[in-house]
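Colleague: Got a minute to walk me through this one? I'd like to start with the helices and charges.

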Amino acid sequence: RREHRGGKGIMKHLKDINLSWARHLRFALGLASKLFRLSLIAVVHGIFPSIFTSKVSDEVHKLNEELS
């Protein structure tokens, strides 16, 4: 499946999910922020395996529920 479909595809996507461009951008930036934070936690866990033992997987499961 091709993800980028140009202007028409963008507008269809926004219409399909019932979000304005600005609201979609805000949501995407929030998601990117959460994922970035989780990636840092994963690095810390990689270095110190005894901490954050399930934090990343727990949060990814929560995000999956939110996005489904």
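**Charges, helices and a patch**

Modeller: Sure, and bear in mind that the model is predicted. Lys-12 and Asp-16 are four residues apart in helix H1 (residues 6-17), so about one helical turn separates them.

Colleague: And what do the side chains of Lys-12 and Asp-16 do?

Modeller: They meet in a salt bridge, at 2.8 Å from N to O.

Colleague: How many salt bridges does the structure hold?

Modeller: Four.

Colleague: Switching topic: at what angle do H2 and H3 pack?

Modeller: About 160°, with the axes 9 Å apart. H2 is therefore roughly antiparallel to H3, since angles over 145 degrees count that way. H3 covers residues 55-67, while H2 covers residues 21-47.

Colleague: Left-handed or right-handed crossing?

Modeller: Left-handed, as H2 passes H3.

Colleague: Which residues meet there?

Modeller: From H2, you have Phe-27, Leu-31, Lys-34, Leu-35, Arg-37, Leu-38, Ile-41 and Ala-42. On the H3 side they meet Lys-55, Val-56, Glu-59, Val-60, Leu-63, Glu-66 and Leu-67.

Colleague: OK, now the surface. Which residues form the nonpolar patch?

Modeller: Val-43, Val-44, Ile-47, Phe-48, Ile-51 and Phe-52, with about 530 Å² of accessible area together.

Colleague: Where is Val-43 found?

Modeller: In H2, the helix that packs with H3.

Terms used:
Residues are numbered from 1 along each chain as its sequence is written. This is a predicted model: local features need pLDDT of at least 70, side-chain atom pairs count only at pLDDT 80 or more; totals for chains, interfaces and linings use all residues. Side-chain values use heavy atoms; hydrogens and water are left out. Patches are made of residues with over 30% relative accessible area and no salt bridge: like charges are joined within 9 Å, nonpolar side chains (Val, Leu, Ile, Met, Phe, Trp, Tyr) within 5 Å. Accessible areas come from the Shrake-Rupley method with a 1.4 Å probe; for residues, only the protein chains shown count as cover. Helices (H or I, at least four residues) and strands (E, at least two) are DSSP runs, numbered from the N terminus. Axes are lines fitted to C-alpha atoms, for helices over the stretch in contact, and angles run from 0 to 180 degrees between N-to-C directions. Angles under 35 degrees count as roughly parallel, over 145 as roughly antiparallel, 65 to 115 as roughly perpendicular and the rest as oblique. A crossing is left-handed if the near helix is turned anticlockwise from the far one by less than a right angle, and right-handed if clockwise. Contact means heavy atoms within 4.5 Å.
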